[in-house]
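Trainee: Could we go through this one together, pockets and all? I'd like to see how each answer is reached.

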Amino acid sequence: SRGFTTAVREAVHLGAVNHLKLEPTWQQPGWSLGIEEAVLVLLFALAFIAGYRKGKFAKTAKLIVMVGTLVFVGFYANVSLSLANISGIFMGYIPSPQQHPMWWIMMIGVLGSIFFLGRNIYCQQICPFMVVQDLAQKISGVKMKIDSRFQKRARTLIFFLSWIALMLIFLAAHPALGSYEPFAMMFSLEGLGIQLYILPASLLGAFFVPRFWCRLFCPVGLYLNELVRLRRRVRGWFPKKKTREA
């Protein structure tokens with residue numbers, strides 16, 4: 001919606017200057033930083049603390065992050081990562097940091113934790129749908145194990161489904177067209193037809209298998225984990241410096 005309004009505004013301004021010969025008196029939109037951006041930065045900071053420290057403060061930070069991601073990232077802001085975000089980057093749909101700082105904070109926090117820390121902070125703590133699955137599993141109390149061979153086949157299935165989704169997105173030039181994750185349907189009650197079936201299936205599976213969607217179907221988690229593996233491989237190319245013995 002911001003893209004549509006920006007395009008209309010710029011077209012009207014261009015017509016006013018070039019055709020009506022009017023003097024430009026409008027101002028470009030400035031930075032839109034506020035409490036929402038501060039909350040997202042705070043959640044990432046607490047997630048880093050909870051992931052690297054131990055003790056009461058780390059446990060408290062983890063609880064705050066769990067509640068904050070579910071309420072703020074999920075239901076309030078609805079900024080969960082999806083295939084639409086990934087495909088949008090490759091298609092050049094990158095918003096201005098002045099008009100959409102929330103997007104940049106999310107991407108810097110997610111990618112920065114991977115490339116600089118070597119950890120997938122988003123899937124471990126920031127993802128609100130992960131919190132929903134954990135709550136569903138705690139309600140049922142059932143923890144069914146998944147065979148390692150089935151886990152590997154599920155990885156191939158995720159690549160196959162995401163490949164089909166990405167082909168639909170790139171052919172239609174519409175980032176949200178091929179996104180089949182249940183996040184939008186869960187937190188905003190809006191989504192495509194297939195998400196009506198994926199959401200209840202993923203929630204039902206989470207009652208029996210811990211993090212059912214994350215482990216068997218989530219394309220974003222798989223790609224982020226692949227980036228972590230790639231980072232480890234690249235780092236392995238450079239030999240570590242040996243410390244001298246005293």
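Mentor: Happily! One definition to start: Ala, Val, Leu, Ile, Met, Phe, Trp, Tyr, Cys and Pro count as nonpolar, Asp, Glu, Lys and Arg as charged, and the others, including Gly, as polar. Bear in mind that this is a predicted model.

Trainee: How do the residues of the lining of the largest pocket divide by class?

Mentor: This pocket has a volume of about 1,500 Å³. Of its 39 lining residues, Ala84, Asn85, His100, Pro175 and Ala176 are closest to the centre. By class, the lining divides into 19 nonpolar, 17 polar and 3 charged.

Trainee: Which helices each supply at least two residues of that lining of the largest pocket?

Mentor: Look for helices that each give at least two residues to the lining of the largest pocket. Those are helix H1 (2–18), helix H4 (83–90), H5 and helix H9 (183–187).

Trainee: Is Ser113 buried or exposed?

Mentor: Ser113 sits in helix H5, residues 101–117. Beyond its neighbours within four places in sequence, Ser113 contacts Phe48, Ile108, Gly118, Arg119 and Ile121. Buried means under 20% relative accessible area. Ser113 has 1%, so it is buried.

Trainee: Which residues lie nearest the centre of the second largest pocket?

Mentor: The second largest pocket has a volume of about 470 Å³. Its lining has 11 nonpolar, 5 polar and 5 charged residues. Helices H6, H8, H11 and H12 each supply at least two of them. Of the 21 lining residues, those nearest the centre are Cys214, Arg215, Gly221, Leu222 and Asn225.

Technical notes. Residues are numbered from 1 along each chain as its sequence is written. This is a predicted model: local features need pLDDT of at least 70, side-chain atom pairs count only at pLDDT 80 or more; totals for chains, interfaces and linings use all residues. Side-chain values use heavy atoms; hydrogens and water are left out. Helices (H or I, at least four residues) and strands (E, at least two) are DSSP runs, numbered from the N terminus. Buried means under 20% relative accessible area, exposed over 50%, partly exposed in between (1.4 Å probe, protein chains only). Contact means heavy atoms within 4.5 Å. On a 1 Å grid over the protein atoms alone, a cavity is a set of points where a 1.4 Å probe fits but cannot get out, and a pocket is an open set with protein on both sides within 12 Å along at least five of seven lines; lining residues have an atom within 4 Å of a point. Grid points are joined across faces, edges and corners, and a volume is the space filled by probe spheres set on the points.
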